[in-house]
Amino acid sequence: MDSFRGHSTNRLVPVSSMEDTQDSDKSAAPPLEDDETSVYNGYRLPPIDIRNIVDAPPTPALSFSPNRDKILFLKRRALPPLSELARPEKKLAGIRIDGNCNTRSRMSFYTGIGIHKLMEDDTLGPEIEVFGFPDGAKINFISWSRDGRHLSFTIRFDLEDNTSSKLSLWVADVETGQARPLFTTSEIYVNAIFDNFVWIDESTLVVCTIPLSRGEPPKKPLIPSGPKIQSNEDKNVVQVRTYQDLLKDEYDADLFDYYATTQLLWVKLDGTTKAIGPPAIYTSINPSPDNKYLIVTSIHRPYSFIVPCGRFPKKVEVWTSDGKFVREICDLPLAENIPIAFNSVRKGMRSINWRSDKPSSLYWAETQDGGDAKVDVSPRDIIYTQSAEPKLGEEPEVLHKLDLRFGGISWGDDSLALVYESWYKTRRTRTWVISPADRGEGARILFDRSSEDVYSDPGSPMLRRTLLGTYVLANIKKQDGSTYLLLNGDGATPEGNVPFLDLLNINTSEKERIWESDKEKYYQSVSALMSDQCDGDLELNKLKILFSKESKTENPQFFLQSWPDQRITQITNFPHPYPQLSNLQKEMIRYKRKDGVQLTATLYLPPGYDAAKDGPLPTLVWSYPGEFKSKDAASQVRGSPNEFAGIGPTSPLLWLVRGFAILSGPTIPIIGEGDEEANDRYVEQLVASAEAAVDEVVRRGVTHPNKIAIGGHSYGAFMTANLLAHAPHLFCCGIARSGAYNRTLTPFGFQNEERTLWETTKTYIEMSPFMLANKIKKPILLVHGEEDNNSGTLTMQARNLIFTGNSERFFNALKGHGSLCRLVLLPYESHGYNSRESIMHLLFETDRWLDKFCVNSPDSTTDPKSCGEMEKAAGEDKFVLVGKGGSSNPEEDSEHDSFYSMPRSSL
């Protein structure tokens, strides 16, 4: 036991500000004393074993050509420096803009592009590196031409004054790798605030550019033109959730116009260019499958100061592909009053798009309930279709009527399409089979199930690419001529996910399984259909798929599998990202809550650990609650015991190298059956779930009962604070990142709570750990990004008058009651953390906290009622610890974050 624990219990020491060396002894400062309460200045580094994992080079992303004969390896860097996040940004209409390069701020990028041919034997040919652009270029928005012969992408550069250049558009020849600027003049730059560019055909693009006539940004007047006034003299009911970065005044509106206004250019690969349409704020350009038309969407004034730009007045038009106006589809007014109930939507036409099985036919949905989910009406949504240029007097045709909320269509042909609808309140989801040529006649339900019931999930139909470049339902044909849809499913089972491919007879609903993941050691998942280069049905005997394969200790690799002989060829050989943890131990464990709900968690143990020899370990529990409508659904197993342990830069799994046991993602279901809402018994179910998890790992002998830390991000931070308030006997300390702690500050709903503060005041108050600051006596580390743009977790009121506090106010409340706490605010960081300096400091703070209050917490059992006296008697910090993070940036706009997991190659 002593030899194993010797690695994990070394006292942590602060190191010189961002001094990075492989020799940890050279960078170490004097050890901290137990009673030290000084405020650290400057950024710090965690121990070298954690740093080595975080700094490991990321795996390339993959992209396949339209003809599936070439693969791009898109190369990425590790964490960005803080200087990139520190660049000035404009916060306008719910988005953040880098005014220098005229893009969204905080964009990631690729550093290089490698092209590999896929040979006839399914192996990869030698890499062709795309070249021709200067060193240091940051590459974004990589796109294949429709024939797969060219790539288009933007590049930008860092300038000496810590700003970024504007985006220039480049094209590359795929056969040679030679890249060149698309425009013959260096004065044309891409405006990427909303859309950027789109291929119209194999040699033509429409590009969103900064108008050449645009001058300098508007200057803020020294004296405002008048007071800021908002009025509701018409007594409208307008309930909105809390949004960040909204327009504040007319000057902000002028700035938004300045940066978002785009001039569309029609450009050929030979450099021929012409302007199309007037300058406007175009948000999307969508070419028809036959390349003859464009759906052009724009937003316009009047703007709003209470909702983001997605709710601004929106105009949708049809143009010819060379820019001639055809007709207006709709001009939707400002939508400030969309009800807050889930499944409420904007009034009027929405989801306007092209049918992928037709040359130029439109479809859209229209609400029949005024967009209000609380209105009981049948039908609730109607789907319409119409040609791009309808004849005089030709009205839209009704394609299908739905009683739930429209969720999309998978198109096949005139005889087959699948229509999806769902309803959050009941968790019901349905899939309809329709015949578009019959305009909904003979429609029937294919699947009708609960979205929570993962065991009944039949999978999603796979799509094939058409000659027009669109994607339609893949029909698989057997030798006897019978045809089937191909369903790709996760295969959730009580033993974990076992992904599959099923052939589905659309007429009889009979299924035949043609592929399934290994169950014993590996986790395999189908990523793409590779044999879809022709129109018509796909022969089963010529089927080819791309799938990934991984295990608990083997990182994901990609393989091709071909029918009929089931030949498998490995096409990637990515190195293990952190070989020091290649032998970690992973187990999916199951246990029950006291009300009988089956719970699961993933237990990770360090390499070489033996419970019998080494004894119980300090343990970090990291979780995120979820809401359910039934106990049965909440009890179902999600995930696979054979998946690779992906470790992102802020993952709790990093502490495996520090000798911790990690209980990752223990399910914490908050259940509201029937008419009961889940949050009516939030605290009761939260504590019961945590007790069950702790009891299980202690029973197994791997966890020391007095050395268990709890942590989480966003809603998981909210959970952490609640558990320290309501269940201090379970945990020795807590780590709460980017949390919201006072739900009265989000009075029109939060997370999955759609009732308002005034409808259920008791629930809002009882769920808010801010209201229980006087009861939190266990040490808690609060971390927050100073530029958090999440709708429920802003740091304090000074940044937005809507809020009266979250992390800072919660910290002050704790401090006011003498609680042992520490607040770390990370400059320039948002809801998730991006820069290397911030992440390293976050890990340093976390490691120090765990060492001081978990590893070195008392071994003896203590009466939870006297935990405050215990901490003082032990000589621990009775003063407040404050760290501001400094001395003198997919998954980040949502509260639905788990810990930062390692991104896999995207296809």
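Leu-501 has a relative accessibility of 0% in this predicted model and is therefore classed as buried, since the buried class comprises residues under 20% relative accessible area. The residue belongs to strand S32, which spans residues 500–504.

The surroundings of Leu-501 were examined with its neighbours within four places in sequence set aside. On the N-terminal side in sequence, the contacts of Leu-501 include Met-462, Leu-486, Leu-487 and Asn-488. Glu-512, Arg-513, Ile-514 and Trp-515 are also among its partners, as are Val-526 and Ile-545. A further spatial relation concerns Ser-517, which lies 16 residues from Leu-501 along the chain; the C-alpha atoms of the two residues are 9.2 Å apart.

Strand S32, in which Leu-501 is found, is part of a chain with 13 helices and 49 strands. The chain comprises 907 residues, 58% of which count as buried. About 37,000 Å² of the chain is exposed, and 49% of this area is supplied by carbon and sulfur atoms.

Confidence in the prediction was considered over the whole chain and by segment. The mean pLDDT is 88, and 88% of residues reach 70 or more. Two segments are noted for low values. Over residues 1–39, pLDDT stays under 50, and the model has 91 contacts beyond four places in sequence for this segment. Residues 794–805 likewise stay under 50, with 38 such contacts in the model. Predicted coordinates should not be read in detail where pLDDT is low.

Terms used: Residues are numbered from 1 along each chain as its sequence is written. This is a predicted model: local features need pLDDT of at least 70, side-chain atom pairs count only at pLDDT 80 or more; totals for chains, interfaces and linings use all residues. Side-chain values use heavy atoms; hydrogens and water are left out. Helices (H or I, at least four residues) and strands (E, at least two) are DSSP runs, numbered from the N terminus. Buried means under 20% relative accessible area, exposed over 50%, partly exposed in between (1.4 Å probe, protein chains only). Contact means heavy atoms within 4.5 Å. Accessible areas come from the Shrake-Rupley method with a 1.4 Å probe; for residues, only the protein chains shown count as cover. pLDDT is the predictor's confidence in each residue, from 0 to 100.
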